[in-house]
Amino acid sequence: MNLYLLTQNDINGYDTYDSCVVVANSEDEAKNIHPAWYQTFGEDRCSWTDNTDKVNCTYLGEYAGDYKKSPIICASFNAG
């Protein structure tokens with residue numbers, strides 16, 4: 001498993017996510033993770049982009065832990 005930093009600037013302002021760190025097997029898998037992990041990608045256009053081409057993905061390193069519930073390590077939410 002790997003750690004990835006996801007960022008987006010497609011949807012911004014109040015009540016939006018601008019970034020998150022996720023655990024995934026690949027960059028493609030990571031880009032399809034919504035920062036609110038319980039939502040499906042593309043389901044919530046109001047808080048995160050629904051276009052994976054607009055998600056910037058940066059490899060951070062290997063993940064040695066064991067996650068069972070959520071692939072999200074942390075997320076940045078701009079509450080309004």
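How many disulfides does the count come to? In this predicted model, the count comes to zero disulfides, and the close-up views below take up the cysteines, an aromatic pair, the nonpolar core and a buried threonine.

**View 1. Cysteines Cys20 and Cys57, with no disulfide in the structure.** A disulfide is a covalent bond between the sulfur atoms of two cysteines. The closest cysteine sulfur to that of Cys20 belongs to Cys74 and lies 7.9 Å away, which is too far for a bond, because a disulfide needs the two sulfur atoms within 2.5 Å. Cys57 is likewise in no disulfide, the nearest cysteine sulfur being that of Cys20, at 9.2 Å. Cys20 has a relative accessible area of 2% and is therefore buried, and Cys57, at 17% relative accessibility, also counts as buried, because the limit for that class is under 20%.

**View 2. The aromatic pair of Tyr4 and Tyr59.** A search of the whole structure finds two aromatic pairs. In the pair shown here, the ring centres of Tyr4 and Tyr59 are 5.8 Å apart and the ring planes stand at 65°, so the arrangement is edge-to-face, a class that requires an angle over 60 degrees. The pair links distant parts of the chain, since Tyr4 belongs to strand 1 (residues 2–8) and Tyr59 to strand 3 (residues 55–62), 55 residues apart. Tyr4 is buried, with 6% relative accessibility, whereas Tyr59 is partly exposed, with 47%.

**View 3. The largest nonpolar core and the surroundings of Tyr4.** The largest nonpolar core has 13 residues, and those with the most contacts inside it are Tyr4, Leu6, Val22 and Ala30. Strand 1, strand 2 (16–24) and strand 3 are the elements that each give two or more residues to this core, and the largest share, four residues, comes from strand 2. Beyond residues up to four places away in sequence, Tyr4 touches a set of residues that includes Cys20, Val22, Ala30, Cys57 and Leu60, together with polar residues such as Asn25, Ser26, Glu27 and Thr58.

**View 4. Thr16 and the residues around it.** Thr16 is placed in strand 2 and counts as buried, at 2% relative accessibility. A polar atom of the Thr16 side chain lies 2.8 Å from the backbone oxygen of Gly13. When neighbours within four places in sequence are left aside, Thr16 is in contact with Ile11, Cys46, Ser47, Ser76, Phe77 and Asn78.

Note on methods
Residues are numbered from 1 along each chain as its sequence is written. This is a predicted model: local features need pLDDT of at least 70, side-chain atom pairs count only at pLDDT 80 or more; totals for chains, interfaces and linings use all residues. Side-chain values use heavy atoms; hydrogens and water are left out. Rings of Phe, Tyr and Trp (its six-membered ring) pair if their centres lie within 6.5 Å; planes under 30 degrees apart count as stacked, over 60 as edge-to-face and the rest as tilted. Buried means under 20% relative accessible area, exposed over 50%, partly exposed in between (1.4 Å probe, protein chains only). A nonpolar core is a set of buried Ala, Val, Leu, Ile, Met, Phe, Trp, Tyr and Cys residues joined through side-chain atoms within 4.5 Å. Contact means heavy atoms within 4.5 Å. A polar contact is a pair of N or O atoms within 3.5 Å; within protein, one must be able to donate a hydrogen and the other to accept it, and residues adjacent in sequence count only if both atoms are side-chain atoms.
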